[in-house]
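The following exercises concern the packing of a protein model. Each task is followed by a solution in steps.

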Amino acid sequence: MVQEIKNLFKFRELILALLIRGFKAKYKNSFLGIFWSLLNPLLNVLIFTFIFTVIIKINIKSYPLYLLCTIFPWNFFNSALINSIVSIVEDDHFVKNTFFPYEVIPLAVVITNFINFLIDLLILIPVLLLFGRGISIVWFYIPLLIFIGFILTCGLSILAAGIYVTFRDLNFILNFSLRLFFYFVPVIYTLDFIPQKLRSIYLCNPLAAVIDGFAKVLFYGRAPDLKWLGLATLESIIIFTLCFYAFQKIKKALPEQL
Amino acid sequence: MDKVRVRIENLNKKFRVFHESPLTFQRAAYNLLRGKRGYQDIWALKDVSFCLNKQEAVGLIGPNASGKTTLLRIIASIYAPTSGSVHVNGRVAAFFELGSGFIMEFTGIENLYLYGAVFGLSRRQVKERIPDIIGFSELNNFLDIPLRQYSFGMRMRLAFSLAVNIDPDILLIDETLAVGDLAFREKCFRKIEELKAKGKTLFLVSQHLDEIERLCERAILLDKGEIKAIGPAKDAIREYKITMGK
């Protein structure tokens, strides 16, 4: 396992090349590309703001700003998974004709989305400042939050891309699950809406803990609850390890199924 | 012992072909409930044994669907053998449907870096080789345009020039030289001779028997996954012509 991860490092040039391709395809070499990729989450922010401030009055102050703090991490998780699940199949000619650690393909897709996410966060900073949320010491928690989200997404994406080679309806199942999962993380509502009794179960979901962490740090300027973040870190590492291990098991059989 | 680069013993390869392809969870569940198998097993290679040595070019001939490409893919570690043993001693570069590993949106140069990366070369190592690759391919004017604009022949030139310049110990080539023009093919043949003299091992799949006869000392005739003949290229080719004549 450690050997396999080291091996990935040897193929960093390949990952880099795939990243460049990912960005080229995404942005068609245009600077406007960044704005296009922002459009989808921003549209969601507009829709939810309309629903929850005009139609149903939700009890969250500066609701659009709250959404901006939570939607980008969700958007990273969501689009990384959706884009990476098909990645190995889309690169079938590559996999069928060359021998290399095939996990670099979904990994490159996740990293492309990850860089996008980092850009989103950078764009968010001036917005936060504009709305009176000052730079705070709790921002030091951001790298930890990012790390948890990243390895969780990596593990799931790699395994999903591997299984999709054999079972081509997995993407329908994934799309459906993601839509459902969206309501189990605090993106459109805050953690306060979850009854106290259920909260400890709710926060066992590592992504819920991460997104709540982003809300706490960016929106409230408070430190996240380290107990739950610690659990999320542990869970993410376990999920990544299991997924990566499972992928190594099925990897050998992938080329002949394409 | 040391001169053997590839040693294959009693190799078998089974493919599980699903009737509904590609498979879905839905179909798998249906098959399970109905007690249907939903697949059949095809033996692509049956009890194949042979060696490839240093400093030789070996041809692999046989009708379509005889398992030639499967065999190459197993040597390149892309497919895992079902049973039997495969020992490869040296670095393998494999080129199937030439240029199929390239990315069409990338320019010629970018693809060279990419392919070098797949082969495990660093950017710098590729860079050092670029003048040779360009020189050999004669594609100087096209290297900065996307591969999408290349013709088949040009892609093949790029891929072959790359293949012979990244210095593999074992070079597997699958039906590719045929798309080159006369002059370039001649150049490829000379290059293959040169590589052979340097101690490299070449394994060529081709339907162009004259090519095989010219380049290879030995040839293997594969039919329906079994070795039908192995020996001097001339003999294997004659055998092939006889089987096809029937």
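**Exercise 1.** In this predicted model, determine which residues A:Leu14 touches, leaving aside those up to four places away in sequence, and place A:Leu14 within the nonpolar core.

Solution. Step 1: within chain A, the contacts of A:Leu14 are A:Phe94, A:Phe100 and A:Val104. Step 2: from chain B, A:Leu14 touches B:Leu114, B:Ala117 and B:Val118. Step 3: the largest nonpolar core holds 120 residues, and A:Leu14, B:Leu71 and B:Phe203 touch the most other members. Helix H4 (residues 63-85) of chain A is the greatest contributor to this core, with 14 residues. A second, separate core has 50 residues, among them B:Leu147, B:Phe160, B:Phe184 and B:Leu215.

**Exercise 2.** Describe how helix H8 (residues 142-166) and helix H12 (residues 226-251) of chain A pack.

Solution. Step 1: the axes lie 8 Å apart, at an angle of about 25°. Step 2: angles under 35 degrees count as roughly parallel; therefore H8(A) and H12(A) are roughly parallel to each other. Step 3: the crossing of H8(A) past H12(A) is left-handed. Step 4: the contact residues comprise 21 nonpolar, four polar and no charged.

**Exercise 3.** Is B:Lys13 buried or exposed, and which residues does B:Lys13 touch?

Solution. Step 1: B:Lys13 is located in strand S1 (residues 4-18) of chain B. Step 2: buried means under 20% relative accessible area; B:Lys13, at 3% relative accessibility, therefore counts as buried. Step 3: not counting residues up to four places away in sequence, the contacts of B:Lys13 include A:Glu256 from chain A, and B:Trp43, B:Ile74 and B:Tyr79 from chain B.

How values were computed:
Residues numbered from 1 in each chain as written. Chains lettered and ligands numbered in written order. Predicted model: local features only at pLDDT ≥ 70, side-chain atom pairs only at ≥ 80, totals over all residues. Heavy atoms only, no water. Core = buried A, V, L, I, M, F, W, Y, C linked by side-chain atoms within 4.5 Å. Buried < 20%, exposed > 50% of the residue type's maximum accessible area, 1.4 Å probe, protein only. Helix = DSSP H or I, 4+ residues; strand = E, 2+ residues; numbered from the N terminus. Contact = heavy atoms within 4.5 Å. Axes fitted to C-alpha atoms, helices over the stretch in contact; angles between N-to-C directions. Parallel < 35°, antiparallel > 145°, perpendicular 65-115°, else oblique. Left-handed = near helix turned anticlockwise from the far one by under 90°. Nonpolar A, V, L, I, M, F, W, Y, C, P; charged D, E, K, R; others polar.
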